[in-house]
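Hi everyone, thanks for making time. I'd like to walk you through how some helices pack in this one, so let me get it up on the screen.

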Amino acid sequence: MKHIAKITITSLAFASIMIASVPAPVFAQDISVSIPSEKTIQKQLDMILKVKERAIKTVDQSIASLNKFSDRINANAKLSQEQKNQLLSQINTHIANLQSVKGKINSDTTAQTIQTDIKTFSSSAKAMGSFSSQISLFTATNDLKKIIETGSTLVQDIDMSKLDAQTQEKVAQAKEKIAQAQTMIAEATAKINTLSQQTPAEAKNTVKEARAILQKARSLTSKAVSDIKTARRKSIQKTKQINQTNKSTQTGTSNTIIQKNVQHIYKGTNNN
């Protein structure tokens with residue numbers, strides 16, 4: 001009976017080593033060995049190289065995009081320094097991960113290992129999508145904080161004694177709405193800070209929840225600040241009216257005094 005063995009070799013170097021290291025047996029004429037042609041082996045190697053080149057090119061493009069993201073974050077005037085540091089730290093971590101993946105791909109010798117590393121890269125690349133969402137959400141929270149700060153400053157300028165009871169009640173309600181909005185902003189910020197540790201699917205839901213919270217906070221804040229501005233305007237108008245009345249009264253009193261003095265002088269002149 002003839003012994004038939006079939007050997008599939010995916011590396012030309014590996015094939016050479018195997019052939020050189022195994023002595024030809026006595027019954028070599030009875031063994032059928034199937035070795036890929038040099039052309040087939042070269043074709044497989046070329047395919048692996050092309051896959052590696054594409055993968056490395058994609059990783060390099062992602063790293064370049066992250067570096068541009070860093071520049072955008074540094075130039076964003078609406079982000080606080082703390083928020084910038086938080087985002088930049090996450091980006092640097094992703095860049096380090098991508099550099100590691102790139103090194104693995106460079107060292108890969110089979111299509112299977114390349115595919116495994118590409119999957120790792122894909123997971124990392126998907127996580128990068130949360131950066132844009134974080135920036136927009138941080139910007140929204142900062143805008144709200146500025147509106148709240150404006151409202152809080154305007155409240156201090158209101159002379160409550162110049163307002164009617166209904167307007168005073170609206171101011172009190174406005175303060176409560178601002179307090180509620182501040183609580184909502186803190187809740188949304190806590191959610192935003194968890195995005196970097198979440199999967200893309202989890203991050204998508206978290207972004208949706210945070211945006212919904214901030215929309216409610218904005219609605220409350222807009223109404224509150226509007227009522228505060230109205231109350232402040234009424235307070236200023238009432239103060240002007242009172243000042244005008246007092247001025248008119250003072251002017252009238254002064255005129256009366258002047259008239260009396262003139263009359264007194266006139267009478268004295270006649271008596272002389």
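I'll take two helix pairs in turn and then finish with the aromatics.

One thing up front: this is a predicted model.

Okay, start with H5, which covers residues 130-156, and H6, which covers residues 165-192. What's the angle between them? About 160°, with the axes 11 Å apart. An angle over 145 counts as roughly antiparallel, so that's what we call H5 relative to H6. The crossing of these two is left-handed.

If you want to click along, H5 brings a run of residues to that contact, including Leu-137, Phe-138, Leu-144, Ile-148 and Val-155. From H6 you get, among others, Ile-178, Ala-181, Ile-185 and Ile-192. Sorted by class, the H5 and H6 contact has nine nonpolar residues, five polar and two charged.

Now swing round to H3, residues 81-107. H3 also packs with H5, at about 175° and with axes 11 Å apart. That angle makes H3 roughly antiparallel to H5 too.

Who's touching whom here? On the H3 side we have Gln-83, Gln-86, Leu-87, Gln-90, Ile-91 and His-94. Facing them on H5 are Phe-131, Gln-134, Ile-135, Phe-138, Thr-141 and Asn-142. The class split for H3 with H5 is five nonpolar, seven polar and no charged.

Last bit, the rings. How many aromatic pairs does the structure hold? Just one. And have a look at Phe-69: Arg-72 lies over its face, 4.9 Å from the ring centre.

That's me done, happy to take questions.

Methods. Residues numbered from 1 in each chain as written. Predicted model: local features only at pLDDT ≥ 70, side-chain atom pairs only at ≥ 80, totals over all residues. Heavy atoms only, no water. Phe/Tyr/Trp six-rings, centres within 6.5 Å; stacked < 30°, edge-to-face > 60°. Lys NZ or Arg CZ within 6 Å of the ring centre and 35° of its normal. Axes fitted to C-alpha atoms, helices over the stretch in contact; angles between N-to-C directions. Helix = DSSP H or I, 4+ residues; strand = E, 2+ residues; numbered from the N terminus. Parallel < 35°, antiparallel > 145°, perpendicular 65-115°, else oblique. Left-handed = near helix turned anticlockwise from the far one by under 90°. Contact = heavy atoms within 4.5 Å. Nonpolar A, V, L, I, M, F, W, Y, C, P; charged D, E, K, R; others polar.
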